[in-house]
Amino acid sequence: MADQLSLDRVVIRFAGDSGDGMQLTGDRFTAETASFGNDIATLPNFPAEIRAPQGTLPGVSSFQLHFANFDIVTPGDAPDVLVAMNPAALKANLRDLRKGGVIIVDTADFTKRNLAKIGWAHNPLEDGSLGNYSVHALDLTGLATGAVAEFDLSRKDASRSKNMFALGLLSWLYSRPVEGTLKFLSEKFAKNPTIRDANIAAFKAGHAYGETTETFEVRYQVDPAPMPEGRYRQISGNLATAYGLITGAHKAGLQLFLGSYPITPASDILHELSRRKDLGVMTFQAEDEIAAVGAALGASFGGSLGVTTTSGPGMALKAETIGLAVMTELPLVVINVQRSGPSTGMPTKTEQADLLQAMYGRNGESPLPVLAAKSSTDCFDTALEACRIAVKYRTPVIMLSDGYLANGAEPWKLPDLDSIEPIEPNFATGPNGQGADGKDVFLPYERDPETLARAWAVPGTAGLEHRIGGIEKAARTGNVSYDPDNHELMTLTRRDKLRRIVADIPDIEVDDPSGRARVLVLGWGSTYGPITAAARRVRLGGRDVALAHLRHLNPMPANLGDVLRSYDKVIVPEMNLGQLAVVLQARYFVDITRYSRVRGLPISLSELEVDLNAEIDSLKEEN
Amino acid sequence: MTQGLAGVPLSLEPLTKKDYTSDQEVRWCPGCGDYAVLATFQSMMATLGIKRENTVIISGIGCSSRFPYYVDTYGMHSIHGRAPSIATGVAISRPDLNVWVVTGDGDALSIGGNHLMHTLRRNVNVTIMLFNNRIYGLTKGQYSPTSELGKVTKSTPYGSLDTPFNPVSLALGAEATFVARTIDSDRKHLAEVLTAAAEHRGASLVEIYQNCPIFNDDAFATLKGPDGVLISLRHGEPIVFGGGEYCVIRDAQGEIRVAPTADVDPSHIVVHDETRTDPSQAFALSRLTEPGVLRQAPIGIFRRVERPTYDDLVRDQIAAVKADDTEAALKSVIAGSATWEAHERPA
Ligand SMILES: Cc1ncc(C[n+]2csc(CCOP(=O)(O)OP(=O)(O)O)c2C)c(N)n1
Ligand code: SF4
């Protein structure tokens, strides 16, 4: 029996061919780990091609999980453990592995031919090149095939159970609870008892292999993380976004209408909302992104909460309709799950380079609120907030998520639905003004003096019939107007309406435990995780650093300018070439130190740590 | 087939054309065909018996797309080509509304071709009035996807080079369940066809030949004149026209064509049946439209068949699975199937 060793954190990466079921394996290991009570963060990474040629480097798919007995904010940079199902998976991931890390590798595919395919002349398992690591080379495929021999499976199907064998082995190694996976397999393959039983057998065999053989001398234990009391589940950013939208519409008492067109990495929101007919959600898979946003806007005109979900290329197509929503001042929530661009870019890789597009990517003076979620679970709150602003201010709102948040998962403390404030649509029900002849009339562009939101009358309301559209409106009446002064007034009013939202936005909070920091790191969106983790290490190293994070990118919190001006140096890490930095410099005339990474991956926290240390130290030297 | 307005509340008092007239000054060029369509529409709407506030008109961009401003119902003058999409959102989410789309030949067939096609295919319960003046009016006279080949305009000084669309053929190919054509100069026909279109449950496409005296005057003059022929299609009646002199026959090769009535066996004359499930005869009739200068064109209802509408199906699907207590259901969806309890532990 192996000894048990306690660890506080482990980063583990499962890697294999796209067809090897690595995402499923990672998901299951994550679920086991979450239910055990560890804090978790995940990073799925897969090729855009559904099935790149087998055994090749482009075909490698991986899933990384960071779990710990304390609260963590990123999936980690360097894995401690790499599970590689073939030579390509080993080669593609080896350089990320921590020196001294553990490699568990399936030897079945280590033939001369397969090695040659990826440019390896020698077998690294035999030539000593893996000396820096602790290598467990096992014939996982052979072991799995043996475990399912009693079932009447083709050779191919039998060997496919190797991922479950590996999962069983890892579950044993890290002392994970297995009931959830057994239940999951029974349900997933309920319709195919043979496959179900074979997968369960392979999983159990992997577990028993760890227990009975002496391949591993130690097994590990990572205790549950302390978390605020409550009921938790694991959730990905896309799912949290979908739930946030449903909750927003529910709290407003409005029909949720999604118009969407499939695009990676946003499609899962469409998928989830399409399943949610049990909650009355209406979804429409349109012929393209233009029709999708058009239908959503039409639904909003009809008194629903129109929503559209997409990613970069789709955003480009929606721009004209979003402009129409700005002009018609109707609620509309637009979700952009950002991916690497320009053009098709790298569809499955993350980036934050659509910020300026969200802020300015329309013709004319076309201001609208922009929000960004900072973590997978925060997608729920941000989506809910987007719904609230859209309805209250009668405006399109863009919410920025990204591929990293969308697919990554975290433990989520279930929200208390009852304590969420209702959203009041305040539909117009009667005339709100007087015509030239003194008769009561409805003025669709009459505004709430506080919010500047216009009156929203829904078709079917007698006496409030009116026409809106993309042509400039006369103030109050909403009639077509080409009057120069009116256009200026309306342009300023649209801008001012946005400014009124500031009143609803909490001040930005600065986290500076020592109170002595001279460097502020300001993040937005998914840089939250790496920044927080890097700052933690910077502080552990005895340096002072202040952190702040922006959810509201337009308008920005009232105190932001003061906060920026009160530090000697402001560093803005972004997965783009400095888009927030540009906005801040223009708005607040402050000097911003850019920190740009565009590698299709979250910013590396260890790299950021080193760079922040250097920035802080350089400031010290100056004085 | 008169179910198009089912679900739209009826008006308690009778309405008149005046009720459908807004206070906005109509601003088309003098003599524009749009005037006649607007006036006919306003009178026709009053005869439908539905509540005025339950009508929504969505238009794209173009001269004709100014239409909603002039009708005192709910309306949106949207963006170029996208009216069918916006109307789709209205129609799916609001079964109690009578939804119209107003569009032009450039708006519907050029920039908005994709949306038109898919709206027809889905059979969304909307009525589309396609004002075909065979030119871009609003942008001052460039050729459009329905302009005849060789058309000389500002953007085609040496003549246009692309083959025009026949909107009726296109709609039939796109699985439309109601396809008709009418003309601005025949108010009675216009009113008849628009009423039928409104009453059809599903996507109805009505192509309206509309004269643009400014940029394409008399595009339909030959058709209306002594040498032109309007082939009137009437359900259940043999297709004869030109005072009975001509007729439409199915010849020995199975082809649909025009023939002098005197020369044919009366049993070969096609009896128009707009309800045929198979659209090939309607398509063949649509091909009797001359592609170049219009000397001959059928008008009337080419096709009127029943097929479930997309918006009804969407709502049915939801009704079939929707939880009685959506709040409780939402809570249970949010909780998911695998939760765990955390207790505060000292770090
Ligand atoms: C995106 C976009 N592209 C181009 C235009 C310019 N534009 C306005 S109307 C129009 C053509 C209208 O032609 P048609 O649909 O035939 O309508 P008509 O004016 O003849 O009634 C064009 C090209 C526009 N408004 N929007
Ligand atoms: S340009 Fe032609 S279509 Fe446009 S309003 Fe004038 S006459 Fe009518």
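## Chain B at a glance

Helices (H or I, at least four residues) and strands (E, at least two) are DSSP runs, numbered from the N terminus. Counted that way, chain B has 10 helices and 12 strands. This is a predicted model, where local features need pLDDT of at least 70 and side-chain atom pairs count only at pLDDT 80 or more, while totals for chains, interfaces and linings use all residues. Residues are numbered from 1 along each chain as its sequence is written, chains are lettered from A and ligands numbered from 1 in the order in which they are written, and side-chain values use heavy atoms, with hydrogens and water left out.

The C-alpha atoms of chain B fit a box of roughly 100 × 50 × 45 Å along the principal axes. Of its 347 residues, 56% are buried (under 20% relative accessible area; exposed is over 50%, partly exposed in between, with a 1.4 Å probe and protein chains only). Take the contacts (heavy atoms within 4.5 Å) between chain B residues at least 6 apart in sequence: 69% of them join residues at least 24 apart.

## A sheet with strands from both chains

Here's the open, mixed sheet: nine strands in the order 19(A)-2(B)-1(B)-3(B)-4(B)-6(B)-5(B)-11(B)-7(B). Two strands pair if DSSP finds at least two bridges between them. At the edges, pairing on one side only, sit strand 19 (467–469) of chain A and strand 7 (229–233) of chain B. Neighbouring strands are turned by 20° against each other on average, direction ignored; axes are lines fitted to C-alpha atoms, for helices over the stretch in contact, and angles run from 0 to 180 degrees between N-to-C directions.

Within the sheet, strand 3 (residues 98–104) and strand 4 (residues 127–132) of chain B run parallel, joined by five bridges, and B:T103 faces B:L130 in strand 4 of chain B. Helix 6 (residues 187–199) of chain B lies across strands 3, 4, 5, 6 and 11 of chain B, at about 160° to strand 5.

## The edge strand in chain B

Strand 7 of chain B pairs with strand 11 of chain B in the parallel sense, again over five bridges, and B:L230 has B:A297 in strand 11 as its bridge partner. In a regular strand the side chains alternate between the two faces of the sheet. Strand 7 of chain B does just that: B:V229, B:I231 and B:L233 point to one face and are buried, while B:L230 and B:S232 point to the other and are not.

## Around A:E472

A:E472 is in the loop between strand 19 and helix 16 (484–500) of chain A. It counts as buried because its relative accessibility is 9%. The side chain of A:E472 makes a polar contact with that of A:H487 at 2.6 Å (a pair of N or O atoms within 3.5 Å; within protein, one must be able to donate a hydrogen and the other to accept it, and residues adjacent in sequence count only if both atoms are side-chain atoms). Leaving out residues up to four places away in sequence, A:E472 also touches others, including A:M327, A:M490 and A:R494.

## Backbone oddities

Chain A has cis peptide bonds from A:T264 to A:P265 and from A:G341 to A:P342. A:P265 sits in the loop between strand 10 (256–260) and helix 10 (267–275) of chain A.

A:E329 isn't a glycine, yet has a positive phi of about 50°. At 1% relative accessibility, A:E329 counts as buried. B:K140, also not a glycine, has a positive phi of about 75° and lies in the loop between strand 4 and helix 5 (167–173) of chain B.
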